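I opened my notebook and pulled up a new model to look around in. Here is what I looked up, in the order I got curious.

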Amino acid sequence: MFLFLQNYKAVSRDLKKMATNESVISIFSSASLAVEYVDSLLPENPLQEPFKNAWNYMLDNYTKFQIATWGSLIVHEALYFLFSLPGFLFQFIPFMKRYKIQKDKPETWEGQWKCFKVLLFNHFCIQLPLICGTYYFTEFFNIPYDWERMPRWYMFLVRCFGCAVIEDTWHYFLHRLLHHKRIYKYIHKVHHEFQAPFGMEAEYAHPLETLILGTGFFIGILLLCDHVAFLWAWVTVRLIETIDVHSGYDIPLNPLNLIPFYAGSRHHDFHHMNFIGNYASTFTWWDRLLGTDSQYNAYNEKMKKLGKKTE
């Protein structure tokens with residue numbers, strides 16, 4: 001009788017798990033069908049055919065190694081400095097100074113030149129060797145390159161969001177660890193040389209920090225990458241986010257601020273100004289859950305009482 005009850009409980013538990021899994025699968029299937037339906041109602045993208053032709057031209061004229069290695073390097077370098085350009089130009093536009101968060105700490109030519117030199121070292125001596133492994137990664141995991149197997153735009157968005165959640169979680173806990181008093185001065189202090197951040201400074205860091213925090217970027221790729229184009233899509237999303245939060249400017253109507261729980265430039269700017277708290281890279285939930293945004297909230301309340309707009 002006892003064995004019968006044990007088996008009955010085990011079977012019941014398994015049935016509940018199966019029911020739960022089926023419910024989750026049903027929800028995702030319904031969501032996928034809904035997105036596909038919306039996608040079918042949208043007008044045809046006029047850029048799709050030119051993009052398809054350009055993609056196939058690339059496949060016909062370059063090897064997979066060249067695409068995965070040099071293509072990835074070009075995408076990263078071009079987008080990094082392109083996305084950094086607006087913030088660089090803002091310092092020469094008097095009108096934009098009203099949106100600068102730390103108005104008493106303007107950028108200096110000396111600081112920007114130093115940042116640029118460190119970036120070149122990190123990009124070509126640290127990141128390029130890692131990028132060289134992209135081809136072997138795609139070969140080992142049979143990641144496709146062809147146009148026919150390229151996922152739809154909404155799958156790119158879903159997977160990029162998944163990568164952002166993974167990277168943000170990794171970044172929060174490892175970033176917080178790098179602030180430990182015993183190791184801060186050896187690694188993370190380099191990134192905090194600029195108390196008022198600017199866009200180009202996003203990847204200004206000690207080589208070890210580039211490897212440590214950069215690992216979070218690659219974890220999502222290992223788990224979610226299903227096409228080489230996704231590598232470039234995730235690079236694009238990550239660069240837009242990190243350059244935005246380091247920009248030093250709180251621009252009105254920034255579309256990124258419409259994303260729920262998005263940290264934004266003020267959240268991370270306070271981290272550079274205060275050194276303590278606001279450790280997350282993209283979202284605010286880890287700082288809220290673990291109370292590491294308490295000083296930021298207190299600062300905002302203080303500014304509100306002083307009649308200064310901080311949000």
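**Entry 1: an odd leucine.** Does L253 count as buried or exposed, going by its relative accessibility? Before I looked, I reminded myself that this is a predicted model. L253 comes out at 83% relative accessibility, and the cut-off for exposed is over 50%, so L253 counts as exposed. I found L253 in the loop between helix 8 and helix 9, the latter covering 264–274. I also checked the backbone: the phi of L253 is positive, about 60 degrees, and L253 isn't a glycine. That made me stop, because most residues other than glycine have a negative phi.

**Entry 2: another positive phi.** I then looked up N142, which isn't a glycine either and has a positive phi of about 55 degrees. Where does N142 sit? I traced N142 to the loop that links helix 5 (134–140) with helix 6 (153–178). Its relative accessibility is 62%, so N142 counts as exposed.

**Entry 3: the whole chain.** Time to zoom out. I got 11 helices and zero strands for the protein chain. Reading from the N terminus, I could just write α-α-α-α-α-α-α-α-α-α-α. The chain has 311 residues, and 41% of them count as buried. For the accessible surface I noted about 18600 Å², with 67% of that belonging to carbon and sulfur atoms. I looked at contacts too, taking those with a separation of 6 or more: 73% of them are between residues 24 or more positions apart.

**Entry 4: a helix pair.** I picked helix 7 (residues 207–224) and helix 8 (residues 228–245) for a closer look. How do these two helices run relative to each other, parallel or antiparallel? Their axes come within 11 Å and cross at roughly 150 degrees. Angles over 145 degrees count as roughly antiparallel, so that is how I wrote down helix 7 and helix 8. I noted the handedness of their crossing as well: right-handed.

Which residues make the contact? On helix 7 I listed F217, I221 and L224. On helix 8 I listed F230, L231, W234, V235 and R238. Sorting the residues of this contact gave me seven nonpolar, no polar and one charged.

**Entry 5: back to the start.** Helix 8 turned up twice today: in the pair with helix 7, and at one end of the loop that holds L253.

Notes: Residues are numbered from 1 along each chain as its sequence is written. This is a predicted model: local features need pLDDT of at least 70, side-chain atom pairs count only at pLDDT 80 or more; totals for chains, interfaces and linings use all residues. Side-chain values use heavy atoms; hydrogens and water are left out. Axes are lines fitted to C-alpha atoms, for helices over the stretch in contact, and angles run from 0 to 180 degrees between N-to-C directions. Helices (H or I, at least four residues) and strands (E, at least two) are DSSP runs, numbered from the N terminus. Angles under 35 degrees count as roughly parallel, over 145 as roughly antiparallel, 65 to 115 as roughly perpendicular and the rest as oblique. A crossing is left-handed if the near helix is turned anticlockwise from the far one by less than a right angle, and right-handed if clockwise. Contact means heavy atoms within 4.5 Å. Ala, Val, Leu, Ile, Met, Phe, Trp, Tyr, Cys and Pro count as nonpolar, Asp, Glu, Lys and Arg as charged, and the others, Gly among them, as polar. Buried means under 20% relative accessible area, exposed over 50%, partly exposed in between (1.4 Å probe, protein chains only). Accessible areas come from the Shrake-Rupley method with a 1.4 Å probe; for residues, only the protein chains shown count as cover.
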